[in-house]
Every structure is written in C-alpha cells, then in structure tokens.
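Colleague: Please take a close look at one part of this model and describe how its side chains and strands are arranged there. A plain account will do.

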Amino acid sequence: MPRGGKRKGAGRPKGTGKFGVPTKAIRVPEAMTEQIVNFVHRKGDIYPLYPNQCQAGFPATLEELPSEELDLIGLLVQNAPATFFVRATGESMIGAGIFAGDLLVVDKSVEAENNDIVIAIVNNEFTVKRLIRDANTTELRSENPDYPAIAIPEGTELQVWGVVKHVIHTV
C-alpha cells in the first residue's frame, strides 16, 4: 500500500477546522511563532466599532451590535516600516495631552512641519516637543509654561527622528 503524497479524499475536509474556513500551511520564523499564533487567535487586531458616538455630556442610547470593525493598527500606523512607539516621561508636554507613561506613535517617514509635535535629539538625548519654525528661528517648544523652549541656533543641525501621530494613554 503506497504511503505519502497527496491522496484523493485524504485529510480534514476544507473549512471544518477550528477556524471554520480553509487554511494554508506557511513557513514563519520560529521566533515569531507565538506572536503569530496569538495574532490569529485574536482574529488580528480588529475590534468592534459601535455606530454611535459616546456622549461626554448627557447619556445617549448605544446600539447593541457593532456596525463595523475597527483595525487599530490600520488606524494608528500609516507606514509600518517607518513607525515606532516610545513612552513619554516628564511633564513638559501636558498642554498637548502628553503625560508621563503615555505611548507615542511616531512616523519617521513624515517630513516635520512647523507646529508638529516631534521626537528630536538635543544634546544627545531624545525629547518630545513642538517644532516651531519661522523665517529666522527654530525652537523646540514645551507645552507646559514651567519648561523653557529649546532654541536651535542657526547653523545647528536639528535631528528630528519622527513626527508624533498619535498618543495613547490610560485614563
């Protein structure tokens, strides 16, 4: 009796496994196996999005069933290879809603423009500040009056590592 190879009718019928749809074997790095299995069990990074907005004033009725799904990674990350996350420390940006412990979503592919909140290197240290440029000056401004702005003298190279696109914090 021959063994091995593809035999007609062999194996589990398509769509009868625990996922209820046809599956495909793929090769992945062993170091990523647990991460990929967790991703699959979570059904990706897709979460229910309810059709109603949530009132911050008087209560409103909330529909029982979500009308669509929300892909958090798709919402937060526009360019995955150029995106990184970093935790904020200190109180210099509280006026911009950035608090100690917040997770910043930073895109390195975006060209920093005037008034953007950026991750920059100043004196060999990372900092998060608002980039302010006019015809003659450049400064990194805090969003807390207790902290001074950092002037960038003309001719000094300013290293901007990326533009902060989102802030995630626990309430």
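Modeller: The side chains of Arg 130 and Glu 143 form a salt bridge, with 2.5 Å from N to O. This is a predicted model, and the distance is computed from it. The two residues are 13 apart and belong to distant parts of the chain: Arg 130 is in strand 6, while Glu 143 is in the loop between strand 7 (138–141) and strand 8 (150–152). Arg 130 has a relative accessibility of 17% and counts as buried, because the cut-off for buried is under 20%. Glu 143, at 22%, is partly exposed.

The count of salt bridges comes to 2. The other one joins the side chains of Arg 141 and Glu 139, at 2.6 Å from N to O. Arg 141 is partly exposed, with a relative accessibility of 35%. As general background, side chains of opposite charge can pair when their charged atoms come close.

Strand 6 also takes part in an aromatic contact. The count of aromatic pairs comes to 1. Phe 126 and Trp 161 make up this pair, with 4.9 Å between the ring centres and 90° between the planes, an edge-to-face arrangement. Like the first salt bridge described, the aromatic pair links distant parts of the chain: Phe 126 is in strand 6 (residues 125–133) and Trp 161 in strand 9 (residues 159–168), 35 residues apart. Trp 161 is partly exposed, at a relative accessible area of 33%. The face of Trp 161 has a further contact, as Lys 108 lies over it at 4.3 Å from the ring centre.

Now the sheet that holds these strands. It is an open sheet of 7 strands with antiparallel pairing, in the order 3-4-9-5-6-7-8. In this order strand 5 stands between strand 9 and strand 6, the two strands that carry Trp 161 and Phe 126. Strand 6 is followed by strand 7 and then by strand 8. The edges are strand 3 (83–87) and strand 8; each has a single partner strand, so one side of each has no neighbour in the sheet. From one strand to the next, the twist averages 40°.

On its other side, strand 9 has strand 4 as its neighbour in the order. Strand 4 (residues 103–107) and strand 9 pair in the antiparallel sense over 5 bridges. One of the residues involved is Val 105, whose bridge partner in strand 9 is His 166. Strand 9 therefore contains both Trp 161 of the aromatic pair and His 166 of this strand pairing, its range being residues 159–168 by the DSSP run.

Methods
Residues are numbered from 1 along each chain as its sequence is written. This is a predicted model: local features need pLDDT of at least 70, side-chain atom pairs count only at pLDDT 80 or more; totals for chains, interfaces and linings use all residues. Side-chain values use heavy atoms; hydrogens and water are left out. Rings of Phe, Tyr and Trp (its six-membered ring) pair if their centres lie within 6.5 Å; planes under 30 degrees apart count as stacked, over 60 as edge-to-face and the rest as tilted. Helices (H or I, at least four residues) and strands (E, at least two) are DSSP runs, numbered from the N terminus. Buried means under 20% relative accessible area, exposed over 50%, partly exposed in between (1.4 Å probe, protein chains only). A charge sits over a ring if NZ of Lys or CZ of Arg is within 6 Å of the ring centre and within 35 degrees of the ring normal. A salt bridge is a side-chain nitrogen of Lys or Arg within 4 Å of a carboxyl oxygen of Asp or Glu. Two strands pair if DSSP finds at least two bridges between them. Axes are lines fitted to C-alpha atoms, for helices over the stretch in contact, and angles run from 0 to 180 degrees between N-to-C directions.
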